[in-house]
Amino acid sequence: MRIDHEPLQHDADGHPYSARYDDVYSSRAGAAGQARAVFLAGCGLLEAPRAWDGRRQFVVLETGFGLGTNFLATWQAWRDDPGRPAMLHYVGIELHPLHADALHQSCVDPALQPLAAQLARAWPAPRRGLHPLLFDGGRVRLTLALGDVAQMLPQLELGADAIYLDGFAPERNPAMWQPAVLRALGRLARPGARLASYTVARAVRDGLRDAGFEVQRLPGFGGKAQRLQASYAPRWTRRGAEPRAALPAHAQRRALVIGSGLAGAATARALAARGWETVVLDSGAPRLPAGLAHLRPSRDDNLLARLSRCGLAWLRTALPAAVGDCWIDGGILMAEPGSAPLPDCGPQLHCGGAISEGGVAAASGLIDAWLAEAAATPRQATVQRLRQAGGGWDALGVDGMVLAQAPCVVLANALDAPRLLRASDLHGDALPLRGQRGQGFVLPEGALPALRGLRRGVMAQTYAMPLPAAPQSSFVGATYEDAESAALDATEVWAHIAEGLLPLTGPLAPAPPAGAQLFAGMRAVGPDRRAAIGAWPDLDALHKPQAPPRAWPAVPGLYLHAALGSRGLVMATLGAQLLAAQIEGEPAPLERDLLDALSPARFVRRARLRGG
Ligand SMILES: Cc1cc2nc3c(=O)[nH]c(=O)nc-3n(C[C@H](O)[C@H](O)[C@H](O)COP(=O)(O)OP(=O)(O)OC[C@H]3O[C@@H](n4cnc5c(N)ncnc54)[C@H](O)[C@@H]3O)c2cc1C
Ligand SMILES: C[S@@+](CC[C@H](N)C(=O)[O-])C[C@H]1O[C@@H](n2cnc3c(N)ncnc32)[C@H](O)[C@@H]1O
């Protein structure tokens, strides 16, 4: 859902100013100075010993991202500190995002300017929801949470170590400081978390105390008598309060990933980026050569629209350096029969349509690139069963032979996941997946004159796309066949694809062209067509099915990344980040309702709530 860019104005002295709130964005004595003296100092990040010393990851939450000065100063402090945590997460909430140029141009601190330029380059289109921006090789992760603070905070799944409150003066913008907002911060703070603000307004201090913070006043910055500093030390916790993201302790950072398709490769990559060693086992299913990854907008910004938006943004963060081999950008043409053809698709197509944001991805090439990044070479083996052993897991092959062992297992084996769970006495029936066969053709250069020179993915009832690594060749697809029925033969597959492409290409020959290679694969599809990603629930320990699925008890060290259906490209990177965040106790890359929408516990929850 689009929101408008906020125009940046300036006051008479040239300071960035908001007409909407009649206030300046930061102290007139200097934005960077205020960032350091109020926010970093208040949260123990300015001078050694720093609050993040000895930490593997550290999470800052900010209400009011504005021009991003506080973020830039924190990022700079992280860069300058040899004892910095391996990963810095910064979650910034903003209702009225400025334009990228405004962020860049208003940064006057020489040390921060190069960082501001990077921030401006990565700045997303202004749409509601969480946006990932990765810097310094993914070790600095900004999650831009666009939306109203009061609606956004309850949607965040994170444990904050530092909280910056920076939302214009309370008397000019009371909504930002209302008790419900401050209580929500208490829910998100880790024990001992520090909080800082430039305002010491009475209502803010009282609200923070009610939310479990111990509040102090200290000398202020730039003509302000006082600043606020606080730490989270609740004297009591609300009964029934949901547990906040804890920092998990992993004695061994070693994971076994079963399956090296898009889900498995993306997961191995995400864990490796956090210092995990991954062992990948795969039974050798064929790999999709290329596919479409694009947005699924809807008028009401439904779950699918939001998931595809976040998924596409994450996929873009994971495109390898040699991007051209794996990705063709520029959107996907969604055919609208009868509309005027667009000039820039390559061939003269029979109709035009709308361009959906996204691109063509070489699925197989991405898998290779992600596995290489994870330094993981998949071992060819079929896991028959899992067994809990010594606080971890054994993966067993035929005859009960131990194939691999690890404290943490990720099932990324698509349609085989329910069988494997069943064989391991782990309630596989709670994962109701069905198989849907898909077939298509790789076409050599010039095989189909109607598509010669195709420059982007095009989609009608079926689709065609250039192959990123060999753009003169193309991939056309795809059938949706019930896995239980006999597979269509090549002529039938061709007829189906040709009929689907008809509005774009006009009639095609009745048989596949010479040199066309048939590709057949199997999709794993859930009953609601959404992926199943997250910790696998411990159904034997479950007493309260009414709890949200993400809060269900989980089988220790067992995770699922499956049911990607026909959206593996747009979902796999997001799913991998979601799992890595759960495993490491990092901020979730999705809002809570979307986490529930993907939670593997949702199927059985529905059944239990119905009394099944
Ligand atoms: C013809 C066709 C066209 C498609 N087009 C698109 C498209 O345009 N865009 C898009 O996003 N998606 C598309 N898809 C869907 C996409 O391919 C899937 O969403 C994606 O491959 C799912 O990835 P995955 O890793 O979950 O599963 P898979 O790719 O199926 O990988 C699972 C892996 O697990 C391994 N495995 C299974 N069981 C075991 C076991 N017991 N032990 C060890 N290893 C095991 C398998 O060998 C396999 O490699 C298409 C699919 C088909 C068939
Ligand atoms: C003082 S500025 C923040 C300055 C910023 N921290 C920086 O470092 O540049 C306050 C910000 O809060 C945002 N804001 C105001 N009301 C909000 C709300 N209800 N929800 C989220 N953000 C809000 C404003 O748009 C503005 O960008």
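In the predicted model, a nitrogen atom of ligand 1 lies 2.7 Å from an N or O atom in the side chain of Tyr-463, a polar contact in the sense of a pair of N or O atoms within 3.5 Å (within protein, one must be able to donate a hydrogen and the other to accept it, and residues adjacent in sequence count only if both atoms are side-chain atoms). Oxygen atoms of ligand 1 take part in further contacts of this kind, one of them 2.7 Å from a polar backbone atom of Gly-565 and one 2.9 Å from a backbone N or O atom of Ala-263. Taken alone, ligand 1 exposes 990 Å², of which the protein buries 90%, with accessible areas obtained by the Shrake-Rupley method and a 1.4 Å probe. The shell around ligand 1 comprises 34 residues, a residue being counted if one of its heavy atoms lies within 4 Å, and it divides into 16 nonpolar, 13 polar and five charged residues, where Ala, Val, Leu, Ile, Met, Phe, Trp, Tyr, Cys and Pro count as nonpolar, Asp, Glu, Lys and Arg as charged, and the others, Gly among them, as polar. Strand S29 contributes the most to this shell, with three residues; helices (H or I, at least four residues) and strands (E, at least two) are DSSP runs numbered from the N terminus.

Around ligand 2 there are 21 residues, of which Glu-62, Gly-64, Glu-94, Val-149 and Asp-166 come nearest. An oxygen atom of ligand 2 lies 2.5 Å from a polar side-chain atom of Glu-94, and a nitrogen atom of ligand 2 is 3.2 Å from a polar backbone atom of Leu-95. Of the 600 Å² that ligand 2 exposes when taken alone, the protein buries 98%.

Glu-62 also belongs to strand S4 (residues 57-63), in which seven of seven residues are buried, that is, under 20% relative accessible area with a 1.4 Å probe and protein chains only. Gln-57, Val-59, Leu-61 and Thr-63 are buried on one side of S4, and Phe-58, Val-60 and Glu-62 on the other. S4 pairs in the parallel sense with S5 (residues 87-94) over seven bridges, pairing requiring at least two DSSP bridges, and Val-60 stands opposite Tyr-90 in S5. With strand S8 (residues 160-165), S4 pairs in the parallel sense over four bridges, Leu-165 being the bridge partner of Thr-63.

Residues are numbered from 1 along each chain as its sequence is written, and chains are lettered from A and ligands numbered from 1 in the order in which they are written. Local features need pLDDT of at least 70 and side-chain atom pairs count only at pLDDT 80 or more, whereas totals for chains, interfaces and linings use all residues, and side-chain values use heavy atoms, with hydrogens and water left out.

Notes:
Buried < 20%, exposed > 50% of the residue type's maximum accessible area, 1.4 Å probe, protein only.
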